[in-house]
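Biologist: I would like to learn how to read a model such as this one, feature by feature. Could we go through it together, with the general idea before each case?

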Amino acid sequence: MSQITNEVKNQIKKRRTFAIISHPDAGKTTLTEKFLLYGGAINQAGSVKGKATAKHAVSDWMEIEKERGISVTSSVLQFNYDGYCINILDTPGHQDFSEDTYRTLMAADSAVMVIDASKGVEAQTRKLFKVCTMRHIPIFTFINKMDREAMDTFELLDDIENELGIATCPINWPIGSGKEFRGVYDRASKKVEIFSDTKKGTTQGEVKKVDINDPEISWLITDDQRVQLEEEIELQDGAGAEFDQELVSKGELSPVFFGSALTNFGVETFLQHFLQMTTSPLPRTSDRGPIDPMEEGDFSAFVFKIQANMNKAHRDRIAFMRICSGEFEAGMDVYHMQGGKKVRLSQPQQMMASERKMISKAYGGDIIGVFDPGIFSIGDTLTTAQDKFTYEGIPTFAPEHFARVRQVDTMKRKQFIKGINQIAQEGAIQIFQEYNTGMEEIIVGVVGVLQFDVLKYRLENEYNVEIRLENLPYEYIRWIENEEIDLDKLTGTSDMKKVKDLKGRPLLLFVNEWSIRMTVDRNEGLKLTEFGRS
Ligand code: GDP
């Protein structure tokens, strides 16, 4: 291990790398944009990530990918605020929800969960939350759209606790909602924060902090609202969990904030508290023990996403990696552990607001995309350390859609196998085979259904192989943790299917959760898991 310099240490210390998770339409894009507005990375809200790219039909998506030769879903946005260097990881939602969305969370040090105040916890939030808890990272809650009619505040908190099983601690409390939304009450300072007009959220606006009894705000906050606030706060103080930074750091307590991303109300307050409560880059597990970015001077990183170039003329790819320690310099030589040789990291790029730009330097906590001539796989480690090490792999996430794949022209078996394997290696799909049937049929599993279209399109365009997909009814997959179990003797429900992955590991496919429970009941000692080892 080489000694870290103070310069590098200071750079890493000021980094905050987090993902925003939410159900589509809760306001993730709007909130991200407002962060950039406060960070001065954009001048006016409404200029980042046109909605055209976020909500497009499948066919458009293909066209856009082709034209740009790169994913339209940006991977990371970096900006500075108040001395911090902030990396926001994008978690693709909508139609492009895929395994990548989950993997992105592996690169984050914390997560911000955006919840629509009128809807509470929704399906996609639940899925993403599960992955965050697996890593025990801090999770912060921003309850958005308070300018609309909201659910009762206590109900919202109960919903989070019951649905997600995490304790909550409101840092502030909303005063009214919808047209009556007046601001938030900061529980620590006991001040009311009121907001000035933000020209429909396009400018930053001002925040005023005043005493609740200050006559200056009597025109804004009615007596009824004040009384209600006092009652609610008293109730919350008596019954709710107290703020505890240690529990927050372990991901066991979620600080909750209220606001409206659209009008900017509560956004900057949230950002300020969040930056203090969240963490700078943390040690990561390797086969040499934890690698602490505050001590390890050498560069190290792991690949968490591979983006294929959809442009037929260039079959190159971009590998996105999370830097875990040290300093990165463009064109530097690093050791690729899984490849067993030195590679030069060229054409490094990073996202800044809406642009992709070449970079010359980056530090632990940052995310960079580098040119990949087809040598990297998800989870690979790169380092300049003499005393080499490998970071813990990235789990394989359970696909939720399955289809049988058949090639139309059976003469093209070789291309078909090559193509499907390469696409699986990039992590866009998972492939399985029937167990012990002697059939060579391939079953494909995906996290988001769009990946089926991507597979079909890419096999046709890049490998010249036409395929037919036959949807299968399975929705759940489980890896068998205790592999010594005799699969032949395993008895499940009649609609259960036994398959194996590329490494020959056994898995079970189920149509519903009931079948999973029945199968576990019927086979003593059987341990199933929804996260596979890569
Ligand atoms: P995403 O799908 O989570 O990225 O959500 P978007 O940021 O695209 O927001 C979805 C819709 O909700 C858009 O029409 C936004 O203008 C709107 N929206 C976002 N935040 C707010 C808010 O605080 N209040 C209101 N009323 N609408 C909002």
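**Reading the model step by step**

Modeller: K190 is exposed, because 11 other C-beta atoms lie within 10 Å, and a residue counts as exposed at 12 or fewer. Please keep in mind that this is a predicted model.

Biologist: Where does K190 sit, and what is its phi?

Modeller: K190 is placed in the loop between β8 (183–186) and β9 (191–195), and its phi is near 60°, a positive value in a residue other than glycine.

Biologist: Is K145 buried or exposed, and how do I read that from a count?

Modeller: One counts the neighbours again, and a residue with 20 or more other C-beta atoms within 10 Å of its own is called buried. K145 is buried because it has 26 other C-beta atoms within 10 Å. K145 lies in the loop between β5 and α7, and its phi, near 65°, is again a positive value in a residue other than glycine.

Biologist: What do the two strands on either side of the K190 loop do?

Modeller: Strand pairing is read from the bridges between strands and from their relative sense. β8 and β9 pair in the antiparallel sense over three bridges, and within this pair V184 stands opposite E193 in β9.

Biologist: Which sheet do β8 and β9 belong to, and which strands form its edges?

Modeller: They belong to an open sheet of four strands with the order β7-β8-β9-β10 and antiparallel pairing. Its edge strands are β7 (172–175) and β10 (207–211), each of which pairs on one side only. From one strand to the next, the twist averages 30°.

Biologist: How would I describe the sheet of seven strands, and why is one side of each edge strand left without a neighbour?

Modeller: For any sheet, the strand order and the sense of pairing are a good place to begin. Here the open sheet of seven strands runs in the order β2-β3-β1-β4-β5-β11-β6, and its pairing is mixed. At the edges stand β2 (76–81) and β6 (167–170), and each has a single partner strand, so one side of each has no neighbour in the sheet. Neighbouring strands of this sheet are turned by 30° against each other on average, when direction is ignored. As an instance of parallel pairing, β1 (residues 15–22) and β3 (residues 84–89) are joined over five bridges, with I86 in β3 as the bridge partner of R16.

Biologist: Which helix packs on this sheet, and which strands does it touch?

Modeller: Helix α7 (residues 153–164) packs on the sheet, where it touches β5 (139–144), β6 and β11 (253–258), and the direction of α7 makes about 150° with that of β6.

Biologist: Which residues come nearest to the ligand, and which helix gives the most to the shell?

Modeller: A ligand site can be read by listing the surrounding residues and then asking which elements supply them. Of the 16 residues around the ligand, G27, K28, T29, T30 and L262 come nearest. Helix α2 (residues 28–38) gives the most to this shell, with three residues. Sorted by class, the shell has four nonpolar, seven polar and five charged residues.

Biologist: Why is α2 described as largely enclosed?

Modeller: The burial of a helix is judged residue by residue. Of the 11 residues of α2, 10 are buried, so the helix is largely enclosed by the rest of the structure. The buried residues include K28, T29 and T30, which are also among those that come nearest to the ligand. Just after α2, G40 takes a positive phi of about 75°.

Biologist: What can be said about the chain as a whole, and how far apart are the centres of its two assigned domains?

Modeller: The protein chain has 13 helices and 33 strands, and buried residues make up 43% of its 534 residues. Among contacts with a separation of 6 or more, 72% are between residues 24 or more positions apart. The domain assignment gives domain 1 (109–277) and domain 2 (399–527), whose C-alpha centres lie 42 Å apart.

Biologist: How does strand β26 pair with β27 and β30?

Modeller: β26 (residues 430–434) pairs with β27 (residues 442–446) in the antiparallel sense over four bridges, and I431 stands opposite V444 in β27. β26 also pairs with β30 (residues 497–501), in the antiparallel sense over three bridges, and there F432 stands opposite D501 in β30.

Conventions:
Residues are numbered from 1 along each chain as its sequence is written. This is a predicted model: local features need pLDDT of at least 70, side-chain atom pairs count only at pLDDT 80 or more; totals for chains, interfaces and linings use all residues. A residue is near a molecule or strand if its C-beta atom, placed from the backbone, lies within 6 Å of it. Ala, Val, Leu, Ile, Met, Phe, Trp, Tyr, Cys and Pro count as nonpolar, Asp, Glu, Lys and Arg as charged, and the others, Gly among them, as polar. Two residues are in contact if their C-beta atoms, placed from the backbone, lie within 7 Å. Two strands pair if DSSP finds at least two bridges between them. Axes are lines fitted to C-alpha atoms, for helices over the stretch in contact, and angles run from 0 to 180 degrees between N-to-C directions. Domain bounds come from an automatic or database domain assignment.
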